[in-house]
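Notebook open. I want to look up the charged side-chain pairs and how accessible their residues are.

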Amino acid sequence: MKTYLPVKLPVRKILVAIFLLFISICKAQTPQSYTAIDGTLYNLYKWEGNKVMLLSSSSTLDQTTMTNWLQKMDETYNYYALCTGKEPSFWPPTYINNKSTIAQVPSTCGAGCGYLGFTGIEMQTTYFNNTYNFILGNNQYDQEVFYEFGRNFWFYSPQLAYKSNDPIVTGYAVFMRFMSMEYIGVNGAPFNGSLPFTDFQTQIKALLNTYLNNTSLNWNNTLGVGQGVPNNWGATDLFASFCFYLKENYGGQNWVQNVWRYAGLRPDAATTQDAVDNFIVASSQAANSNLSDLFTSWRWPVSTKAVSELNAIFNPLPVKIVSFTGKSLQCNYNVLEWKTADESNNKGCEVQRSKDRTSFEKVGFVFAKNNNANIQQYNFEDKVGVSGNYFYRLKQIDIDGNYVYSVTIKIESACEGATVINVYPNPVKQLLHIDGIRTNSNTIKLVGSLGNTLAVWRNKNEASIDLSRYPSGIYFLIINENTVFRVLKE
């Protein structure tokens, strides 16, 4: 019997190895039906990770390579979730077994295609195979799929997208492609199969300096019209270059992991300028620094509203405007009244007037009475000469030169006195009562501390509003556009 033992032992090992290999291959060969973006039904083979499922047309791909690819896709998914605080909405055809799919298809909307804000990525067969082969042969990862994750994890069109020629939606994916690859620690494959990945990234980073060195370039003739640096990469790449600078100079990955969360908290943009402001403010919050001067040096349009908000965040003035009201008297005089509290180091208020609510001019200055915590009342009379609509705001300045703007009020100059309006109780827990408004002709707006409109009531029949559903904090009540009250909700 002993003469057979040396022969039988290796045979057993070989058989066991073959069996285990067979089991691993069979596991990867599980078929999965998939409905593509264009509606075509495919029978593919699934390779499952924790968050991601790869779907290939071949059942004989290398198991180790697919395992490594899946691991990096899971890590990429988790990184985007970390940066945004969200996950894509689940789209049933692309969300299988609680996993977002990356599917190999003969054709799709580009080299790759990802649903905006939803699960699901498709890769043309050529690019799917290129990615697989780069991992198998060189342990390098093509950038395409990392970019497409930026489509899945895009949630910020209401706050950041420009109203025309928008470069931000795609620019986000361009930038976050680099950030995700850096964070999970993969080597990038040559861009488009030829440009070394490090050279590719260096070229994108260098766009900012090229832009700044050409003094004829500014936001208006580049990002604002969807154009990049002439004879160079496009507008989306230029936006990524700005983001690179912010990341490298204002907190590294910490900036990246906070800026989009702050962007998601911004109010919806009614105009492109609002979208620009939202990005500037969110970038500053993520950097924990007022970046309005930096963006101005970059020749971006930074509105006075954004400057005021950033000053309030990073250089809060030591005074509170409790109320700001206005009324028309004797046809051609407008009288402004405001109250302050908790004054400290307050120089005073510059009164500004506008006819179009956009271009303001200084019409006077009212010095602070004294510095204490008592309520102080101020007034200013503006002789306008003719009837019409006038808009006013206060530029509140402290003794160090820091300033912040109040909300804007509207006065319709007419030949009659104005009714005195009062709100109470203030602070309020539930019902806020309003005296002095016409119940059949009024507009009441509730605004948050960041300027975001929370509710609007028109022709309200009852002179009270219920604030019980709003959290504690500071709010502004704007009545008929010409009377503003600061309300403390307890």
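I fix the burial terms before anything else: buried means under 20% relative accessible area, exposed means over 50%, and partly exposed is in between, with a 1.4 Å probe and protein chains only. I note that this is a predicted model, where local features need pLDDT of at least 70, side-chain atom pairs count only at pLDDT 80 or more, and totals for chains, interfaces and linings use all residues. Residues are numbered from 1 along each chain as its sequence is written, and side-chain values use heavy atoms, with hydrogens and water left out.

I searched the whole structure for salt bridges (a side-chain nitrogen of Lys or Arg within 4 Å of a carboxyl oxygen of Asp or Glu). The search gave 9.

Entry one: Lys205 and Glu248. I find their closest N and O atoms 2.8 Å apart, in a salt bridge. Lys205 sits in helix H7 (residues 197–213) and Glu248 in helix H8 (residues 235–249), so the pair ties together parts 43 residues apart in sequence. I took helices (H or I, at least four residues) and strands (E, at least two) as DSSP runs, numbered from the N terminus. Glu248 is partly exposed at 44%. Lys205 is partly exposed at 32%.

Entry two: Asp382 and Arg353. Their side chains form a salt bridge at 2.8 Å, N to O. Asp382 is in strand E14 (residues 376–383) and Arg353 in strand E12 (residues 346–354), 29 residues apart. I list both Asp382 and Arg353 as buried.

Entry three: Glu48 and Lys46. I read 3.6 Å between the closest N and O atoms of this salt bridge. Lys46 is buried at 14%, while Glu48 is partly exposed at 37%. Which residues are linked in a network with them? Lys46, Glu48 and Lys99 are linked by salt bridges.
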